[in-house]
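Q: Can you walk me through this one? I'd like to start with the ligand and then look at some helix packing.

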Amino acid sequence: MNSEEKFKNIISHCKEYGFIFPSSEIYDGLAAVYDYGQNGVELKNNLRTYWWKSMVQFHQNIVGIDASIFMQPRVWKASGHVDGFNDPMIDNKDSKKRYRADVLIEEFIEKINSKIDKEVEKARSRFGEKFDFQTFVNTNEKTLGYKREIARIEEILKNSLEKSDFSSLKNLIDELGIVCPISGSKNWTEVRQYNLMYSTQMSATDGETELYLRPETAQGIFVNFLNVQKTGRMKIPFGIAQTGKAFRNEIVARQFIMRMKEFEQMEMQFFVKPGTELQWYEYWKKLRLKWHLSIGTNSNNLKYHDHLKLAHYANAAVDIEYNFPFGFKEVEGIHSRTDFDLSRHQEFSGKKIQYFDNETNSNYTPYVIETSIGLDRLFLMQLCENLVDEQLENGETRTVFKVNPILAPYKIAILPLVKKDGLPEFAEKIYNELKFDYNCFYEEKDTIGKRYRRQDAIGTPFCITIDYDSLKDNTVTLRNRDTMVQDRINVNEINKFLFEEINWKKLLIKL
Ligand code: GAP
């Protein structure tokens, strides 16, 4: 199965098994807006819980808040979003499709990178065991030529973005001969800027005010810096975490839930003493990668991507990218944001936003390291990483969602073998006991084989089956999702077994 087919399968699996539905589907949907279904919401809640625990519960010096989506509009002037939150867009005149100009160029660079990969693979098979990757990429003329070309393009891209020089971006697209993926033509418009914020009106007795739907949750943290620092008696370094919806008028919405108009972010701003920020940046960069590995993501599918263009307020920035079926793409950003945000809010609000350092007896504006992850992209990552089709010994295939058990929508399915002779009553007793601690699934219908397959498809790590022997000896069959091994277990042991297999500590301990 090629990667395009794999991605299509993931999208249809999400729909078929109640993970994600197109929004307002009975009215033909709404572009780039999606709803989470009965299984999707459980997985999403679990991902959010893990993030929250690993940030707030796991650090003495990080606390959480829940700021509102609507904010005083001056916030967005101060943050720079009113004037600068724009994407450089270009239209193809034949397909009438709109693209981000920088993304078109980055995708072109990716194509050159795959040419390098091909050369490496060819050489690897030619030289066999003697092949040395480093020597090859540093000496092979063709590969070196590709690398020089990438460096040249990246340099032009970086300069054009930094100077907002759109004619140079357009020239680069023309020079590289980039074609529209839909029409295949090079018939492009000029590059233009589009602001990404949605606005709405708030009515009051003295008239109407234009408000914005927040395009990031971070500003809710910055404007509450003093509130939290003072009431929580927080000492620097300390962090404030928040999860919540953000809204962006993404003109080019693509790739399912990768780029949506309404999405959820999980952000943490870590306030530090000026001069120590790069050391804390390295700390968070490493810890966030470790976090992704702790859920079981294959390290080959994760990589850092240093920003070519640093935002004017940042002095270091990196993305953690995941190898989606459509290539490596950003899931999380770690930014060293200097004192830009707090200083701007101080300037625009007229309120002094500073920290008094007892040790040095002086005031300063803290510097900030931000970790910002998209919950929806993290969700998609789980499906790309863990949804597998397995060939069984009997020739059949099964689709299994091998997500980490603690993140699975249901932890256990309780399945009476037949719908009579006291088996459902016995099973319900177990359900009523386990439901205090675990999200349990109960089902009586269909053959047991079909029921197991449905649980595999939604990622339930364990199934227990109640049969006639259960009534005699108080035991049930316990089936493991990944190995499909079935063991007999006494009903009184189930709770202890589940506690050992499924608990947050198993993940948190890896951090
Ligand atoms: N406060 C910093 C900030 O908002 P960002 O890189 O624009 O930085 C952070 O966004 C994360 O939010 C991204 O890494 C991505 O996972 C997620 N994200 C951004 N735009 C998104 C969109 N349109 N749809 C889904 N997720 C998005």
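**Ligand shell and a helix pair**

A: Sure. Strand E13 gives the most to the shell around the ligand, with 4 residues. Keep in mind that this is a predicted model.

Q: How many residues surround the ligand, and which are the closest?
A: The ligand is surrounded by 18 residues, and the closest are Glu216, Met260, Glu267, Glu330 and Val331.

Q: Which elements give two or more residues to that shell?
A: Those are strand E10 (262-272), strand E13 (327-338) and strand E16 (367-374).

Q: How does the shell divide into nonpolar, polar and charged?
A: You get 10 charged, 5 nonpolar and 3 polar residues around the ligand.

Q: OK, polar contacts. What does the side chain of Glu216 do?
A: An N or O atom in the Glu216 side chain sits 2.6 Å from a nitrogen atom of the ligand. A ligand nitrogen is also 3.3 Å from a polar backbone atom of Met258. As for Gln265, an N or O atom in its side chain is 3.0 Å from a ligand oxygen.

Q: And how much of the ligand does the protein bury?
A: The protein buries 92% of the 560 Å² that the ligand exposes when taken alone.

Q: Switching topic: at what angle do H1 and H13 pack?
A: Helix H1 (residues 3-16) and helix H13 (residues 375-386) pack at about 115°, and their axes are 10 Å apart. The crossing of H1 past H13 is right-handed.

Q: Which residues make that contact?
A: From H1, Lys6, Phe7, Ile10 and Cys14; from H13, Leu380, Leu383 and Cys384. That contact divides into 6 nonpolar, no polar and 1 charged.

Methods: Residues numbered from 1 in each chain as written. Predicted model: local features only at pLDDT ≥ 70, side-chain atom pairs only at ≥ 80, totals over all residues. Heavy atoms only, no water. Near = heavy atom within 4 Å. Polar contact = N/O pair within 3.5 Å; in protein donor to acceptor, adjacent residues only side chain to side chain. Areas by Shrake-Rupley, 256 points an atom, 1.4 Å probe, with all protein chains shown as cover. Nonpolar A, V, L, I, M, F, W, Y, C, P; charged D, E, K, R; others polar. Axes fitted to C-alpha atoms, helices over the stretch in contact; angles between N-to-C directions. Left-handed = near helix turned anticlockwise from the far one by under 90°. Contact = heavy atoms within 4.5 Å.
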